[in-house]
Amino acid sequence: MRWRARERRHRDHGERLLMRTALVVLGALAAAAVVDLVSGVLVRRIARGRYKWLLEPLRHACRRPAATVLLVGALYFALPPGPAGWQGYLRHAILLVLIAVGAWLVIKALHVAEAVAFSRLPSDLITSRRVRRARTQIRPVRRLTVAVVTIVAVGLIVITFRPVRLFGISVLTSAGVIGALIGLSARTALGNAFAGIQVAFADGLHVGDVLVVDGEWGRVEEVKLTNVVIRLWDERMLNLPTTYFTERPFQNWTRNESRVIGKIQLHVDHTADLDDLRRESRRLIEESPLWDRDRWVLQMVDATPQTVVLQVEASAADGASAWDLRCDLREGLIRYLRDHHPQWLPRTRSQYQP
């Protein structure tokens, strides 16, 4: 009879516990729904004013993770710590979910902060150096903070398991060689990550800058923590590790301003009339829509026994326009020499004629 009474008491206790758990779940759901509804009303009221640009996207993007955090948090704090049975395992599982959804909420908020920051900047990446610098710095910082939040969340999840926590502490205190091995294996990735932060804040290059790297020129498409993406002049995409820009030299044509000076060189005969070529160069440059009406010049920069070297410089709004302007000037001057003054083209003299 005693074991039957004990079994009945255990069964009643289990039923009461299940009933209480069900009530807690329903109460948590109701509380989360009420908090979500109230917060939505408050955000909509506040968003009518000066903070609408921030609160509306934050509310739209973080609504689900915030509601999940409220629900899981209510469940965790509503369930009392129980014995090492199914109730303890349930509470531990809820704690793991709470850590994960908390990290999800923070990451969502970071993405919203990045998007809002970009939306508040002017859309013209070419003319505004301040905008390009801000875009270059914001994205690596967001990616770094997302990585930190993820690592912290994983660490918090791991240390909730007591055997794993004790084992990890014993390994770290007794075998430092493991840490050295991990550091060596992650040296390249960490080096690129720190180089990405250095590139972002060293003010050496920005998104939208025109660079010359190993003889190839292109525009910076994206600056990441571990690599930089450059769109070359022929639409190829060049991916370079960020350590490249901290260890090797490169040319930045638009570090201080977006305007680019394009230059071409021509070899002509010593008898060429520079004033005539200067007038033709001026006509070609002024008729080109690619010239930004700022500066141009034609100069003799070198002389060889057979030819003289002329250099024509003209400014353009950006790197792509400067490239096209250079091609047009080279083509126009060569056509002018061929059609009107072929005697000024380079030629080889076999003997001296006084």
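How much of the chain over residues 140-161 is helix, and how far apart are the end C-alpha atoms? In this predicted model, that stretch is 91% helix and 0% strand, with its end C-alpha atoms 33 Å apart.

Residues 140-161 belong to a set of spans that an unreviewed UniProt entry annotates as "transmembrane region"; the record also lists residues 20-43, 93-119 and 167-186. Here are two of the annotated spans side by side.

| Span | Helix | Strand | End C-alpha atoms apart |
|---|---|---|---|
| Residues 93-119 | 100% | 0% | 39 Å |
| Residues 140-161 | 91% | 0% | 33 Å |

Now let's turn to the strands. Strand β6 spans residues 260-268, and β8 takes in residues 308-316. The two run antiparallel and are joined by nine bridges. Within this pairing, Val260 stands opposite Ala316 of β8.

In a regular strand, side chains alternate between the two faces of the sheet. For β6, the covered face consists of Val260, Gly262, Ile264, Leu266 and Val268, while Ile261, Lys263, Gln265 and His267 make up the uncovered face.

Glu313 is a good residue to look up in β8. Is Glu313 buried or exposed? Its relative accessible area is 15%, and because buried means under 20%, Glu313 counts as buried. The side chain of Glu313 makes a polar contact of 2.7 Å with the side chain of Gln311. Leaving aside residues up to four places away in sequence, Glu313 touches Ile261, Gly262 and Lys263, along with Arg295, Trp296 and Val297.

Technical notes. Residues numbered from 1 in each chain as written. Predicted model: local features only at pLDDT ≥ 70, side-chain atom pairs only at ≥ 80, totals over all residues. Heavy atoms only, no water. Helix = DSSP H or I, 4+ residues; strand = E, 2+ residues; numbered from the N terminus. Buried < 20%, exposed > 50% of the residue type's maximum accessible area, 1.4 Å probe, protein only. Polar contact = N/O pair within 3.5 Å; in protein donor to acceptor, adjacent residues only side chain to side chain. Contact = heavy atoms within 4.5 Å. UniProt positions renumbered as here; feature names shortened; annotations may be inferred. Pairing = 2+ DSSP bridges.
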